Structure formats: C-alpha cells, structure tokens
Amino acid sequence: MGRPERSAVVGKRGAARARSGHPWIYRSDVAEATGEPGDIVPVFDRAGSFLGRAFYNPGSEISLRIAERGDEPIDEHWFRDKIQHALAYRASLEIDGDAYRILHAEADGVPGLVVDRYGDHLVLQVGSAAVERRLEWVVRALGELLSPVGILLRGDSASRKHEGLDTGVRTLAGEVPETVVVREGPVRYEADLWRGQKTGSFLDQRENHLAAGMYSSGRVLDVFSYAGGFALHAAYHAAEVEVVDSSGPALKAARRNAQINGLSNIAFTRARAFDLLRERSDAGEGYDMVVLDPPAFAKTRRDLSRARRAYKEINLRAMKLLIPGGVLLTCSCSYHFSRELFEDTLRSAAADAGRKMRVHEWRGQAADHPEVLTIPETCYLKCAVLECV
Ligand SMILES: C[S@@+](CC[C@H](N)C(=O)[O-])C[C@H]1O[C@@H](n2cnc3c(N)ncnc32)[C@H](O)[C@@H]1O
C-alpha cells in the first residue's frame, strides 16, 4: 500500500525523537513531505513505519508537531475530547480561584493551543497553523463545555510569526471587556486580557504567589512585580511591601490591584531593578523577604553566559538585603537556564554575598501548567525559596 498523498517521512533523528515521546520534528529532520501549511498529515519513518499524525507547517522551524500516535482521526470530536480531558484534570486540582490555565498546549495533547480562563472569559493563544484552521471546532467545544461570556484570541505572540500566522487580538465569540477582576486565593486582581503580558496575567506563578503569602512578614521587597502578583499576597501578611518594576502600566495596574483588595501597605517604585538592588544593598537596607521574578534572561542558548551574570547579580544583591531569618523567593522562567544552572548560580551568589542560605523548597510552575517528562520544554519555571540563616 502506498503512502497517502499528503504525508511526511522523517529521517533517523526525527524518528528517534518521535519515538522518545517528543512531539516536535524540526524542518531539518523531515526527509520528504507533501501538504499545505495547517494540514494534518500521517508521519512515517524511512522504513514506512507509522509514527503518528502531525500538525504540518513547512514554513515553521518545527515543521511537524505530532498530535496523535494512534489510529484516531484528528477531527472535531478529537479536539473536544482533548479539551474535556484537560478540564477534568483542572477540576481534579480543586483550584482556589477562577483564573487558571485550562489547556497547556503540548502538555495537554494539543500542540500550539493555550486556553486560559479568567472568570467567565476565555483567552486563547494559537501558535500552530493547523489549530488556527480548526479554530471553529475549538470555539464550539469551549462554548458547549464552559458557556463562556466571551472568547478572545491573543494573536500577538511572536511565535505566530514563525508559523506564518497574522498577529492581532480579536474576539472569537461573545464579548470580552478590556479587563476583568478575578480571584487567586484571598486576592482579587484585575487582568488586562487585551493588552496585558501573556494572556493577561502570570498564571504559571499562581501557586508561588500563594506560597509567597505564607512566607511573608515584616518588610517585603517585590522586584519585577508586574501588577503585584506576589506583593498582593505578601501584603496580607507583612507590615509593608514595596513593588518595583520598570514599566509604568505595570505599576498602575499594581496600584489598582492594591485598591481592589483594600491594601494600604504597598508602595510603588518605578525603577530599573539592577540599579535599585545595588543602591539599596550599598545603603545597607534590610528586608524580611525579597521576591525576584525577572523576565527570561536567556531566551536562547546563546544568551546563557550573559543570563548567568544577570541572575547572579540580582540574587547576590537580594541576599545581601536580607536580615537574618529573611527569605528570598527567586525565580527563573528561562527554559534554557536549567534548574542545575540556576542552582549553581544561586550557590555562587550566596558565596560572594557571604550569606548562608538554607533551602526551604524548590518550586515550579503551577499544576495547571503541567510538565511532561518526555517534553523538556514544558518544564521552564524554577522557583527557589531560601532563608538567610
Ligand atoms: C515575569 S514578569 C513579573 C511577573 C510578576 N512577578 C507576577 O508574578 O505577576 C517580569 C516583570 O519585570 C519587569 N522588568 C523587566 N525588566 C526590568 C528591569 N530591568 N527592571 C525592573 N523591572 C523590569 C517587566 O516590566 C515585567 O513586569
């Protein structure tokens, strides 16, 4: 029996990768392929063995994303089934809040599709031409299963350009206001669904935000605060909290969020984090807790040594700012900056700062952003909680 008209054959490396459980096959590992961007094609190795069905886009660096390894056709029922499974998993988490990730792309079996819930609204990110072409199915399934008031497509992420998809933000169903107020444990906050970072908030930090509340006391400094994700929780437990961010809109949002929660113990400082941390540590200031949640310093492997210097600098300064018993909650969201490298950088920072730091715990991304063992890219967020002893 010949191969179907639209199909792909992958070389040895691509086949080995597929068999290892990873869904991505790079363009350079595709031996032959026929089809249009957005097609779903069967994938074979050179010997003709079937490896799965993949979302195909010849223009993308990741030309094949294997979505199904069995015989099941990828149709409207398939998408609905994946969404239903993803919802069942979130229900099992018993999340204390109404803003969280419903579907985490490859980790929930749908490459290139992210669905976030913000109360009665859903925000989608689509980074695959195959999903984009079948958005109607996704929207219909979400409508039937969740009855959202509105569904928004955040098409403004850089990854869409690589897939040859247009960039823009548009409503896919119902109505979506600019902002919505949602709940995360005891905290309520406003998420800017149309223009905010990611889909409106850093949902992957949800559990770390809650943990920060439990570690907070006295005087807290939340550096790289965005809209106050950590600070709001800290302010329920600490005497005074200061948020620091270089973005004016982020601080404006943090101020509004403090008001929404009736918190008057938060100060708002617009500054470059590196300068502020150096100035404060040179001035001999002391804090009971410092939070560091910088943007990804290593976006690619090439950035690693620069990123290491940056992570070391901010962590060294933060450690110096802690009073005895003070806690450092420090994060890295760079996938390329491994947990080992981050740990080693923190070790070196502690040595140079002359601080003995006891490890309370190592944390990661919230459980609604699941990791898959065979897809290392699904594990990117590191969060260490260290006590100065
Ligand atoms: C990962 S986000 C922080 C998310 C936030 N901690 C939360 O949990 O919601 C990083 C933040 O760092 C800010 N930022 C980036 N570079 C900065 C710099 N050099 N100094 C201060 N803030 C910076 C960005 O504006 C952004 O709000």
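User: Okay, helices (H or I, at least four residues) and strands (E, at least two) are DSSP runs, numbered from the N terminus. How many helices and strands are there in the protein chain?

Analyst: The protein chain has 11 helices and 20 strands. Keep in mind that this is a predicted model, where local features need pLDDT of at least 70, side-chain atom pairs count only at pLDDT 80 or more, and totals for chains, interfaces and linings use all residues. Residue numbers start from 1 along each chain, as its sequence is written.

User: Cool. Which domains is the protein chain divided into?

Analyst: There are three ranges to look for: domain 1 (8-68), domain 2 (76-177) and domain 3 (202-388). These bounds come from an automatic or database domain assignment.

User: And how far apart are the C-alpha centres of domain 2 and domain 3?

Analyst: Those centres lie 29 Å apart. The contact between them takes 11 residues from domain 2 and 10 residues from domain 3. Two residues are in contact if their C-beta atoms, placed from the backbone, lie within 7 Å.

User: Which element gives the most to the domain 2 side?

Analyst: β7 does, with 4 residues. Both α2 (76-93) and β7 (99-104) supply at least two residues of the side of domain 2 that touches domain 3.

User: New topic! What about β6, is that strand enclosed or not, and why?

Analyst: Strand β6 (residues 62-68) is largely enclosed by the rest of the structure, because 6 of its 7 residues are buried. Buried takes 20 or more other C-beta atoms within 10 Å of a residue's own, exposed is 12 or fewer, and partly exposed is in between, with C-beta atoms placed from the backbone.

User: Which way do β5 and β6 run, and how many bridges join them?

Analyst: Strand β5 (residues 50-56) and β6 run antiparallel, joined by 4 bridges. Two strands pair if DSSP finds at least two bridges between them. β5 and β6 form a hairpin with 5 residues between them, and Y56 stands opposite L64 in β6. Strand β2 (residues 24-26) also pairs with β6 in the antiparallel sense, over 3 bridges. There, W24 has R65 in β6 as its bridge partner.

User: Last one: which residues come nearest to the ligand?

Analyst: Look for F224, Y226, G229, A273 and D293, which come nearest of the 17 residues around the ligand. A residue is near a molecule or strand if its C-beta atom, placed from the backbone, lies within 6 Å of it.
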